[in-house]
Amino acid sequence: MMNHFRTFRTGTILLLGLASTAAHLHADGLLAIQGARIIPIVGEPMAVGTILIRDGKIEAVGKDIVLPGEAKVIDATGKVVMPGFVDAHNAGAMTSANERNELVPFLSVVDSIDPVAPYFDECRRNGITTSAVVPGNSTLIGGQAAIVKTAGQYVNDMLLKREAGLKISLRPASGNRMSQLVKLRRELDKAKKAIEKEAKGEKPDVPTEVRKEGEEAAKPADKPEGGPEEPKEEGSPQRQPEGGNDAASQAAGLEALKKAIKGEQPVYIYCETGMDVTAAIQLISDYSLKPIFVLGPSCYKAADLLAKRNETVILDPGLVFWETNPRTREDKKIILPQLYLAAKVPFIFQTEGFGTRTSLGSSFFWFQAATAVKYGMSEKEALEAITLMPAKRIGIANLVGSIEVGKDADLVILSGEPLNISTWVEQTIVDGKVVYERSKDEKIKRLLAPVAE
Amino acid sequence: MKSSFWKIGCALAIAFVSETLLLRQASAQQVDVYFASQIWPGSGPVINDAVMIVTDGKIISVGTRAAVQVPANAKRHDYSGATLIPGLVVAQTTLVESNAAVSLSLTPEVRAVDGFDLFREFDKYIEAGVTTVQLSPGSSLLMPGQGAVVKLGGKDLEQRVLSDSESLRIVLTREAMAPPTVYEPPIGAVSVDRPLEPTRPQLASSFAEAIVGLDVLFTEAKKLDARFTDADPMMVALSKLVMEKRTLRFSVENNYEVRAALAIAHKFELPWLLVDPTETAELKGIDWRSAAAIGVVLSPEMRAGRIVNPTVPILDRKPIEDVWVRAKTLVDAGIGSKLAMRPPTDADLTDILFLASLFQRGGLSTQQILSMVTSNPASMMGVGDRVGALKPSADADFVVLSGKPFEPGSRVLATYIEGRSVFESDTDSKSTVIEAASVYTPQGIVPGGVAVRNGKIRGIGRSVSSSRNAAIKRYPDGVVVPGLLDCATNVGLGGNLAETLPLNAKLGDLLARDNDQVRLARQGGITTGLISSSRLPSPVLAFKLTDAPRVIQDPVAVRFNVGGNLTTTEDSTRRLLRTGKAYADAWTKYDAEFAAYEIKWKEYDAAKKQFDAAKAAEVKAAEVKAAEAKAADAKAVEVKAAEAKKSPEGKTEPESKPDEAKPDANKPTETKPSDSKTAETKPDEAKPPEPTKSTLVEPKKPDEPKKPPMTEPLEPYRALFAKKIVAMVEANETKAIELTLKLFRTEFDLTTAIVSGKAAAETAELLAKNGVLVVTGPLLIGEDDGQVLNFPAEISAAGAPVAFQSQTTTGTSKLPDVVAYAVYRGLGFEDALRGMSFGPAKFLKLTTVGSIELGKDADLVVWSGPPFELSSEVLAVMIDGNWVYEKESK
């Protein structure tokens with residue numbers, strides 16, 4: 001980042017684009033990492049190996065690779081190279097996790113990602129190279145997620161996938177669960193009926209104007225959760241004001257829901273408790289949704305139900321906590337990785353928001369994996385759960401998640417074995433570019449500097 | 001005629017085939033059989049001495065023991081003495097998420113099932129016998145939403161929702177007539193994309209408005225074409241419910257509300273259910289056979305154990321009838337099985353059986369009331385094929401009651417859902433089954449565990465049968481040995497006892513209750529201890545180390561000391577024993593004489609009876625003769641003769657008294673000297689009435705032997721010389737042991753135990769020859785000429801039985817460790833165990849303790865491995881069937 005800023009100051013606007021892509025690459029965008037132990041996730045680890053990167057992609061991985069003379073070489077002898085970590089659910093990149101309006105299917109997080117957010121700094125510092133930016137859990141239908149790389153100047157450069165999923169939360173944003181589900185079903189029904197109509201060739205009853213990319217979408221949405229329309233008779237008990245003076249956003253919202261029902265984009269379903277899981281499963285079957293389960297702490301009670309689905313779920317950031325039995329007042333320690341391992345539910349992790357609680361272990365991705373190892377997960381599985389599994393879960397495993405020829409050169413060079421508390425991220429590489437170097441990390445230096453007398 | 005016969009035949013054949021099929025299927029899976037004194041199937045009459053067969057969560061058959069064929073491989077559950085009823089079905093609850101709903105008065109699309117948490121624990125309701133409930137949306141506004149029927153427990157979540165849309169709730173009572181007249185949407189955070197919602201008026205500010213509004217809504221809903229998809233979602237939901245002929249569940253009170261509810265239901269041809277009507281006038285004329293009449297749910301407006309202020313009846317209005325009166329009215333009007341009950345609040349679900357029993361006041365039978373909380377609501381809600389009745393192919397949801405349903409004191413012992421026990425009442429502490437690896441019995445080591453009931457051992461081995469309420473303790477690697485015996489401890493008295501005690505002193509009276517020392521002492525596995533004073537001779541008491549120490553025998557022995565100057569000791573001890581023997585002999589003689597007297601008395605008694613009978617006959621014959629003579633004189637005298645006939649009968653009565661007055665021959669020894677006078681007077685009472693004139697010879701009464709004077713402090717000698725108790729003699733020198741054997745064994749022939757250490761080891765052969773028990777300890781290992789001498793090992797090797805003593809207080813718990821050391825030093829393991837259990841127990845004639853045998857006291861010690869092995873530790877100690885120590889698990 002420092003380099004980028006320097007360019008900013010010295011260069012012209014025209015140069016900016018070029019400079020940011022080729023600032024510290026040698027000719028032909030060639031980069032080689034030599035001498036490190038390689039954990040490729042797919043395939044067996046290599047004790048010593050070389051990775052050759054050309055134009056942001058991995059060109060070769062192996063022991064005896066002849067390096068072109070012009071390649072810039074990083075000597076990583078004694079270090080460990082892994083694929084960059086993939087965070088499948090995080091709202092840290094946005095200025096706020098949720099809109100105050102609870103029903104905003106038309107929103108896209110792309111419009112709210114801040115490329116210089118401290119979140120991305122932390123990502124690079126901790127080896128996260130890909131992040132799915134998903135609206136938070138305090139919502140009904142919270143908008144559409146996007147997948148980004150964690151380094152870049154402009155959102156569009158960072159963007160890996162735009163419509164990466166629709167966020168639905170079953171935790172009532174207002175009222176109770178019954179009304180939350182009524183509202184949710186109402187919206188899904190609308191979309192379902194619209195699809196049915198289209199199939200019959202009828203004219204859809206909502207305006208067809210669709211929001212264009214980058215277009216300002218912040219016109220006031222009129223009461224999208226608005227109540228039913230009553231039969232227009234005298235003495236009709238309930239009168240709803242006519243909605244839809246922002247037809248564009250309504251249409252965009254409907255489109256997003258239609259895509260979810262057609263299976264064109266997945267649905268991040270946040271379940272707070274076990275009963276939300278049962279409700280979610282019902283919704284999934286009623287509307288043929290493609291779900292990504294985002295689980296709250298007490299969802300472990302429904303672990304058996306989740307096991308039947310055999311889908312990778314995203315666990316709550318608080319992996320270990322205490323629960324009190326309301327009747328006996330007995331405290332019980334709940335260890336989520338243990339419970340889900342026992343129930344044979346495949347799972348991946350998420351972290352608690354960066355920035356506010358950095359002192360907590362659970363804000364670190366590697367710490368979550370290490371906790372799972374402590375409670376019985378194999379190290380191999382744990383490493384997969386922070387790289388390839390989330391990549392598969394959010395549908396980008398063809399690009400990231402492992403060190404394989406042809407995949408994006410998103411790599412982490414670690415000072416030692418992963419999941420070890422004394423191991424540091426030495427360098428982070430995104431798309432073949434070194435985006436973080438510990439030796440140049442002023443924040444870490446300041447943190448670790450001896451206190452002046 | 002022919003065809004109907006054919007039909008019956010077919011039906012029978014099908015029934016037979018299906019049952020055999022079910023049974024065949026069952027044979028592959030686990031089959032559970034429940035035996036009970038009574039089964040109330042919910043619908044239909046009670047079955048006495050009944051059996052129910054369950055497999056795979058379903059009932060296969062229910063019937064009397066004679067009628068039902070029990071598969072051979074079935075697992076049997078014995079609930080004899082108990083009653084089985086169906087799991088209770090409650091016709092209306094609000095066990096849904098309680099967060100405040102939006103105060104909209106019309107939300108037919110809300111589904112109560114969405115607010116039900118399948119993962120919540122409903123244990124307290126299940127413990128009250130409730131297994132299935134109807135859920136109603138919580139709000140009490142006009143049309144809060146759709147009800148559902150769910151089970152409160154059960155393993156299979158998908159099976160727990162019986163109906164996700166059972167009815168549409170409509171509230172017509174006064175509470176629904178006061179919604180916020182204007183609906184004010186929650187204000188919350190206002191932003192550009194979330195403007196303040198406008199307020200709007202809503203149904204229903206008055207009853208008339210509500211009814212008109214409902215009429216309009218239903219009319220519109222009925223008109224809605226299902227294909228017309230763009231209608232208001234609320235109307236679409238309502239229309240769907242109308243199309244599907246969903247039951248309308250009206251909450252009503254007064255007659256006019258009932259009338260309005262029925263009018264709506266009839267107009268739109270929808271089935272109806274009324275909840276809580278307080279007036280029955282409108283309900284009397286209804287044709288309950290009609291399918292549209294789903295039924296009535298009543299609630300006792302009474303909370304179990306609480307006082308609710310009754311409302312003062314309004315003048316000129318009939319006071320509200322009690323709920324049981326209304327129930328009876330409806331039953332009389334022919335409601336049949338369409339009547340159900342619900343508790344007034346969800347909190348009262350725990351007292352549902354009590355609240356239901358109130359209907360007995362209205363004269364409803366147990367059968368009728370039970371069906372109001374089982375089969376009736378189940379069939380009213382359309383789930384009767386699965387729950388509410390114990391019948392073939394229904395879910396095996398049932399409740400085990402300790403007595404008949406609705407009987408005072410009858411409580412829920414267990415609740416089953418789909419054949420699985422979801423609740424069992426606290427286990428009976430009287431029954432315990434210890435599952436362990438092996439058990440040490442006098443016959444050898446047996447694999448398995450021990451079953452205990454009422455403080456006694458009732459089963460040993462691998463397949464001990466367990467009572468249904470038995471607490472099961474599992475020690476998979478544990479070894480069960482008998483509770484150990486310490487032949488001299490100081491625990492239990494709160495310190496050492498060093499006072500000269502008369503031999504008749506009752507040490508048992510001195511034992512302290514809830515003594516912490518005792519609690520500590522038994523942790524080592526000692527369950528029985530012997531205590532005495534350290535001033536000898538002293539009586540010895542045997543007691544159990546329970547919280548309230550239990551005396552087994554007092555005294556169990558007399559402890560002597562032979563030591564010091566042996567010449568004087570020999571004399572004094574001999575004198576002591578002579579005095580004792582003289583006293584004992586006097587009583588032995590008396591006992592012998594008394595026995596002889598008893599025999600004589602019996603002979604006399606028999607002879608006396610004969611004599612009395614003969615005498616009576618003689619008197620009677622004489623009177624009859626006289627009467628005959630008089631009868632010959634004249635008829636007028638007949639009356640007199642008749643009177644005379646009666647009198648002999650009256651006279652014979654006192655003659656039978658000597659039988660009753662017979663002295664109680666069974667306990668002559670217990671009669672104290674002061675009683676002897678009364679004992680002597682008894683035969684006097686027994687004197688027969690003076691014979692008037694007779695030629696018969698009266699038998700002579702035998703003389704009772706004279707009792708020797710009673711001397712309390714010498715009393716224990718009687719037991720000692722009768723070899724009922726033991727003489728325990730401390731003798732710490734070889735010479736002293738020799739003297740002891742001479743005096744106690746040879747001269748006075750007493751059952752003797754020698755308390756000694758090294759000296760006993762040196763005289764082991766002699767001791768073995770004399771058949772004495774050798775009590776050693778606490779020091780078991782000594783030195784002899786610089787060589788290690790293992791006292792118990794030497795004694796055992798010579799063939800004399802050993803026992804051990806600690807002579808400490810809390811150190812009693814360490815006695816097994818000391819013995820383990822002796823075992824480590826060469827004492828045989830079996831000798832060690834015998835010496836701490838059945839060896840001394842048998843010698844001391846403590847017949848109820850010391851070994852694991854059927855019928856003995858359940859004094860058990862569970863070790864982690866073979867006892868006295870250094871790696872083994874005590875895991876648990878049981879005395880008289882109660883756990884007194886359990887090592888806390890790691």
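## Helices 12 and 17 of chain B

In this predicted model, the axes (lines fitted to C-alpha atoms over the stretch in contact) of helix 12 (residues 566-633) and helix 17 (residues 734-747) of chain B come within 11 Å and cross at roughly 25°. Helices here are DSSP runs of H or I with at least four residues, numbered from the N terminus. Angles run from 0 to 180 degrees between N-to-C directions, and those under 35 degrees count as roughly parallel, so helix 12 and helix 17 of chain B are roughly parallel to each other.

Who's touching whom? Helix 12 of chain B brings residues including B:Leu566 and B:Leu577, while helix 17 of chain B offers B:Leu739 and B:Leu743, among others. In contact means C-beta atoms, placed from the backbone, within 7 Å.

## Helices 4 and 5 of chain B

Helix 4 (residues 207-223) and helix 5 (residues 233-243) of chain B have axes that come within 8 Å and cross at roughly 80°. That makes these two helices of chain B roughly perpendicular (65 to 115 degrees). The contact includes B:Phe218 of helix 4 and B:Met235 of helix 5.

## The nonpolar cores

A nonpolar core is a set of buried Ala, Val, Leu, Ile, Met, Phe, Trp, Tyr and Cys residues joined through C-beta atoms within 7 Å; buried means 20 or more other C-beta atoms within 10 Å of a residue's own, placed from the backbone. The largest has 248 residues, and B:Met52 is one of the four that touch the most other members. A second, separate core has 106 residues, including B:Val518.

## Reading the model

Residues are numbered from 1 along each chain as its sequence is written, with chains lettered from A and ligands numbered from 1 in the order written. Local features need pLDDT of at least 70 and side-chain atom pairs count only at pLDDT 80 or more, while totals for chains, interfaces and linings use all residues.

Notes:
Buried ≥ 20, exposed ≤ 12 C-beta atoms within 10 Å, placed from the backbone. Parallel < 35°, antiparallel > 145°, perpendicular 65-115°, else oblique. Contact = placed C-beta atoms within 7 Å.
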